[in-house]
Amino acid sequence: MTDANTPPSRGRILVVDDQRNMRATTALLLRAEHYTVFEAGTGEEALAHLSGGSMDLLLTDLKMEPMDGLTLLRRALEVAPRLQVIMMTAFGSIESAVEAMRLGAYDYVTKPFKESELRYRVERALERARLLRDVDNLATDFNQRHGLSALVGRSAAMRDLTSRLMRVAQSDATVLIQGESGTGKELVARALHAHSRRKSRSFVPVNCAAISESLLESELFGHAKGAFTGAVKARRGLFEEADGGTLFIDEVTETSPTFQSKLLRALQEGEVRRVGESTALRVDVRTVAATNRDIEIEVREKRFRQDLYYRLNVVTLRVPPLRERLDDVPVLAEHFLERANARSPNPRRLSASAVTHLMGYDFPGNVRELENLVEQAAALAESDELMPEDFPLRQARLPPAHGTSSLSALDGQLGLGTGTAGGPTLAQVVEDAERRAIAQSLERHGVDLARVADELGVSSTTLWRKMKRLNLRPPTEASRE
Ligand SMILES: Nc1ncnc2c1ncn2[C@@H]1O[C@H](COP(=O)(O)OP(=O)(O)OP(=O)(O)O)[C@@H](O)[C@H]1O
Ligand SMILES: [Mg+2]
């Protein structure tokens with residue numbers, strides 16, 4: 001029982017001594033300091049206490065029968081490697097104390113000891129235990145959030161990807177990540193950083209589709225004071241922010257050739273020049289770029305500079321679409337459900353039929369779409385067991401034949417191109433299908449772009465980028481012009 005006046009425990013200590021008096025006195029002294037204290041009269045008894053792993057400090061006598069303090073120390077560290085140990089030795093047994101330290105004890109006290117000395121040594125050992133625990137937690141946290149363990153999936157395709165990722169993470173090679181929208185490219189980029197020697201420095205993401213070209217340049221390279229109207233102060237660019245770390249250039253294909261040549265120069269020379277500044281600054285940055293386009297088509301059609309492509313494409317990591325690794329669907333669904341459950345008062349579970357239902361779908365929005373489906377189901381389902389009907393799937397809507405739908409008037413209005421050899425190119429068919437899907441959804445939801453993005457299973461950034469490229473605007477905004 002704890003009452004309101006008792007301060008919380010400052011640490012859990014196990015006191016081991018075969019002399020009952022000595023043990024009781026030591027325990028009493030430590031309880032007065034508000035530690036939670038357990039007692040054991042033999043080494044065996046002590047090991048039983050330690051097996052749960054909840055103890056912070058072991059304070060043990062050296063000379064005991066039948067198990068002596070050194071043996072207990074050795075066995076204790078086997079069951080609880082993070083345990084702090086202080087050895088209590090009799091006057092004159094300094095060699096044993098040294099031996100204890102060599103075996104992993106943190107400290108020792110010579111009996112008889114002063115109360116103040118024991119208090120001091122105990123507090124210091126517990127401080128170390130807390131520190132180690134914090135470091136452990138941080139490392140687990142960091143890994144769960146950014147490392148490989150953030151990448152859920154055990155399919156052969158994902159295993160290939162992660163082993164390749166681990167191999168290139170160590171090097172400073174520029175990496176190009178390719179994959180459809182929502183496949184997990186950003187998670188892959190973060191994992192690359194988390195497993196690189198740069199992990200303690202910054203991971204700096206920049207999304208080329210989300211900002212205008214002129215802003216992008218000053219964002220990346222920085223600018224001098226007075227470089228342009230509004231530049232009242234000099235500013236560091238993201239290249240400089242990422243010095244020593246990793247710069248993640250997302251949606252790199254959504255940039256103009258002019259910008260691309262500036263980027264190329266920076267990568268080639270390892271130097272950046274702030275806008276409006278004549279001197280260049282050296283930066284040590286590892287670059288990771290991503291795109292959800294087929295970049296080779298972009299190069300062939302002269303929208304992306306070939307020299308920059310070669311520069312970025314030292315190593316390619318291809319993140320496969322979810323429909324090519326449907327065996328990841330169950331683990332991913334469980335993962336997202338677990339996350340939703342952690343935030344919710346009524347935890348849900350997946351029925352086998354729901355899993356089968358999901359595995360029959362082709363997920364045009366990839367992992368992000370599955371994530372959304374699970375979160376919606378967890379929020380809206382009527383029973384604790386999630387059933388197929390809790391996951392309303394969009395039909396895999398194939399585009400209607402080119403230019404023959406009721407939306408062909410819209411096509412004309414939006415200026416849909418034709419292929420060079422008479423028929424449309426694959427890129428045009430895809431673009432056509434995208435334009436239709438977005439235009440239809442925009443008609444339904446108008447300016448509510450969050451709903452449009454949701455319906456289409458893409459992030460709002462992706463939607464924004466696609467609309468910009470396809471020259472689509474929400475109806476109400478367009479009609480104002
Ligand atoms: N293997 C995975 N394990 C766990 N979560 C994943 C995995 N892949 C993707 N996700 C989740 O799916 C969502 C989309 O991932 P991410 O943003 O990395 O995709 P993307 O490829 O960068 O998409 P876009 O091209 O739209 O920017 C994120 O919420 C991410 O956490
Ligand atoms: Mg992304």
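A residue counts as buried here if 20 or more other C-beta atoms lie within 10 Å of its own.

**Figure 1. Overview of the protein chain in the predicted model.** By this criterion, 33% of the 481 residues of the protein chain are buried. The chain contains 20 helices and 16 strands. Among contacts with a separation of 6 or more, 71% are made by residues 24 or more positions apart.

**Figure 2. The surroundings of ligand 1.** The shell around ligand 1 consists of 20 residues, of which V152, G184, K185, E186 and V367 are the closest. Three elements each give two or more residues to this shell, namely α7 (185–194), α13 (329–342) and α15 (366–380). In terms of class, 10 residues of the shell are polar, 6 are nonpolar and 4 are charged.

**Figure 3. The largest nonpolar core and residue I177.** This core comprises 42 residues, and those with the most contacts inside it are I177, V188, L192, F239, L247 and F248. Helix α7 is the element that gives the most to the core, with 5 residues. When neighbours within four places in sequence are left aside, the contacts of I177 are K185, V188, A189, V288, A290, L317 and V319.

**Figure 4. A second nonpolar core.** Separate from the core of the preceding view, this one has 30 residues. Among them are A40, L73, L83 and Y108.

**Figure 5. Strand β7 and its pairing with β10.** Strand β7 spans residues 203–207, and 4 of its 5 residues are buried, so that the strand is mostly covered. Strand β10, residues 246–250, runs parallel to β7 and is joined to it by 5 bridges. Within this pair, V206 of β7 stands opposite I249 of β10. In a regular strand, side chains alternate between the two faces of the sheet.

**Figure 6. Helix α19 and the residue that follows.** Helix α19 covers residues 460–470, and its buried residues include T462, L463, R465 and K466. These four lie on the same side of α19, because the arc they cover around the axis is only 165°. An α-helix has 3.6 residues a turn, so residues three or four places apart point the same way. Just after α19, N471 adopts a positive phi of about 60°.

Technical notes: Residues are numbered from 1 along each chain as its sequence is written. Chains are lettered from A and ligands numbered from 1 in the order in which they are written. This is a predicted model: local features need pLDDT of at least 70, side-chain atom pairs count only at pLDDT 80 or more; totals for chains, interfaces and linings use all residues. A residue is near a molecule or strand if its C-beta atom, placed from the backbone, lies within 6 Å of it. Ala, Val, Leu, Ile, Met, Phe, Trp, Tyr, Cys and Pro count as nonpolar, Asp, Glu, Lys and Arg as charged, and the others, Gly among them, as polar. A residue is buried if 20 or more other C-beta atoms lie within 10 Å of its own, exposed if 12 or fewer, and partly exposed in between; C-beta atoms are placed from the backbone. Two strands pair if DSSP finds at least two bridges between them. A nonpolar core is a set of buried Ala, Val, Leu, Ile, Met, Phe, Trp, Tyr and Cys residues joined through C-beta atoms within 7 Å. Two residues are in contact if their C-beta atoms, placed from the backbone, lie within 7 Å. The arc is that of the directions from the helix axis to the C-beta atoms.
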